Amino acid sequence: MKQKHVFILCLFVFLLGLGLTGYRWLELNFPLLPDETAPTWRIEIQASFEAKGAPVKASLMLPQETTGISILDEHFVSRGYGLSTEKTDGNRRLYLTKRQADGKQTFWYQALIYQNPIQENIATIDYSVSPRSSGLSGIDLIAAQEISRSIERASADNRTFVRLLSSRLKNPRSTTKESLLLSGNKRSRSVSKVLVAVLRVARIPARLVNGLALTPDRRSARLTSWIEFHDEGRWVPFNPATGLFQKPRDHLSWWHGEEPLLSVIGAVKPKTEIAVSGMLFSAFRVAQKEGETRVDPFSTLSLSGLPIQTQEVYRLLLTVPIGIFLLVILRNVIGLRTFGTFMPVLIALAFRQTDLLYGVFLFSLVLGVGLLIRFYLEHLKLLLVPRLACIVIVVIFLMTLISIVSYKLGWDRGLSVALFPIVILAMTIERMTVVWDERGPKEALIQVSGSFFVALLCFYAMTNDFVEYWTFVFPEALLMILALTLGLGRYTGYRLVELPRFKVLSGSD
Amino acid sequence: MFGIAKKIRAAGVIGVNQRNADYILKYNSRRFYPLVDDKIRTKLLAKKFGIAVPELYATIEIQRQINDLPKLLSLHDDFVIKPAHGSQGEGITVITGQTRGYFRKSDGSLVASEELKFQVSNILSGIYSLGGQPDKAIVEYRVKFDPIFEHISYRGVPDVRIIIFMGVPVMAMVRLPTQESGGKANLHQGCIGAGVDIATGQTLHAVWKNSVVQDHPDTGHQVAGVIIPHWDQLLDIAARSYEMTGLGYQGVDLVMDQKFGPLLLELNARPGLNIQIANREGLSPRLIKIQEKKFSSVRERVSFAKENFRSIYV
């Protein structure tokens, strides 16, 4: 009955851990391995205009978070301007305002953008779209209506309509209605504009998309444009340059509409300069930064939200369960004997700080000298608690001495001896002498080397890069460790050391 | 490796994990532990149930009392000092006599009373108790063991360990001190364990340090084939200790005194597993047999054990 209960609990805790880990991995994009990198882009805009002593209001289009695009970090630098951001018409704008400005005004905007390559082309469903005015009038409107009517007859659905229209606009004969609309201008921006206008005349919701090519290290990057039309509840991108229903590769969709990147009221000569640079960010940092800007209650529970020093503490603490789990296996499945239940894990923690070789050396040194002193104290017949206190004091003295001497000798590694758990050391010395007296030096040495061996294994487990990364990034994975430990709590099989012990009973003498 | 595991499982051997998980945690309620962990309480309890124990001369509870120790000890020629919460035979001092202010230990060496005081003080500080809790020291009657064991033990006092499950004697062994064990009857410290047939009280082959031996390593006498006197009485005391403590799975340690007969030495809530080696039989089949039964009296439990747990080596 208890067996079943424990099994169900184990399974539940394990699946919970697995589920949360999976969620963090798949949904929040925390990478499973420490060295995965993700493409991130730094976009820098230098905007300027000339003010004429009047109130100034400038608006700058900002990139915004959509499916597959995350803004990891953004900064504004402007002198003396009031800043506010606002979301309208599916665009995000930065408003800069000042009561009075004179002369050339410059400000900077910088953003760190992560574009998820998988989600890039997935559009969200949006039924709340209605056709809008084309903005055409007079002869332009009539020409557009005629074109739309003739294409409508030849097309089956919105997609074929767009494709036909695009091919007709791209190869206009000089006297046709198309050339009238384009007014002899074949630049892609204009083609896109006309596409949007004609689609709107045909009562198909459409919009112009202004985008930026994400290429590594590009000073004064140029903006490009394509269109999006509404079909079956989603915005479908269409690139007139390629004729594909896809936005251009490696392009950031920045803002919609015909508004310029920077518009000013009360000033002249608005100018923008865009620079793009690509960088390979550690994927974990992307995921953690993504988590900070996103309002996901689970990802804000990441440890990376803590102050750096506290993070360091947890980086250390979270590896302890791994060491303890190993200890449980070594004690209950293998059957090794150690001094004190968790002493080896604490020693391993200390080794982490001192480095293994120095750690083992310093530990043996303190233990050895401590033992000698303890054997001397034996003759004085001191009471237990004062005796233990004496050992603690002696251990502290020893550590101080080692630090001072090693520092004088220019061996600053010796300083790290201060990181050993003093009381644990003192208790180990005391326990060891008792075992030494009661059961002989052999048993004492067996136990101390057993503890050392376990501490070594724990050290290797706890300092493993992968373990450290996992426990820190996926702390919920420790639930799986908890489940396994719970399961081991009901392990009733033999310990490995019992096999030779009971071998006589196997009937094969 | 797995081959051995398979074979010893087939032999019904119980490992530490299984003993803890399936028997101790299941049948031994933690609230009964103090009854057996504190040897003073065990003594008082045994007296209440009419079970004979080595006479308690004195208990020392605080450091100050240590100064009165020489006066206390002068009343008795020989005695045993042990911690009330000791385990695995640690911290026990056996004094066999006194000469000119010195005490003679069981190994023949002489100690001054200062040394005994220090030993008692150590006991009080809790050095031998679980978790280092402050402890009490017991001074009690030194058992003069039955001459039957004279040839097969080296100094010290041999004792009989019987495992009791739900009040039924399951398996027994006699522990014979050796030179290596320093006169202590503890398998961990190097004494000999010889299995005892539950049905007849006859000793089987012996085990020393996990291997089977025929003779006592110090005296050279054969260990097997000795009939333990008052065997039925021993079984009866062991079976009754279940009512005494309420622990389903326990080890009962008994000694055979020349003058007083069988005495209850102590009880153990976590008895060791070497008894299986001493008997060359696993505990599991016997325990399962008991789990399937219900008993109404001590007599019934003892006779069930004698009928069912006859050793295959007799």
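Visitor: How far does helix α11 of chain A reach from its first C-alpha to its last?
Guide: This is a predicted model, in which local features need pLDDT of at least 70 and side-chain atom pairs count only at pLDDT 80 or more, while totals for chains, interfaces and linings use all residues. Residues are numbered from 1 along each chain as its sequence is written, and chains are lettered from A and ligands numbered from 1 in the order in which they are written. Helices (H or I, at least four residues) and strands (E, at least two) are DSSP runs, numbered from the N terminus. α11(A), residues 384-408, has 25 residues, and its reach is close to the span expected at 1.5 Å a residue (1.5 Å times one less than the number of residues): 36 Å.

Visitor: Which residue just after α11(A) takes a positive phi?
Guide: Within the helix, the buried residues include A:Leu388, A:Ile391 and A:Val395; buried means that 20 or more other C-beta atoms, placed from the backbone, lie within 10 Å of the residue's own. Just after the helix, a positive phi of about 75° belongs to A:Gly410.

Visitor: Why is strand β10 of chain B largely enclosed by the rest of the structure?
Guide: β10(B) covers residues 203-208. It is largely enclosed because, of its six residues, the number buried is five.

Visitor: Which residue has a positive phi in the turn between β9(B) and β10(B)?
Guide: The two strands pair in the antiparallel sense over three bridges, where pairing requires at least two DSSP bridges. They form a hairpin with six residues between them, and the residue with a positive phi of about 80° is B:Gly201.

Terms used
Buried ≥ 20, exposed ≤ 12 C-beta atoms within 10 Å, placed from the backbone.
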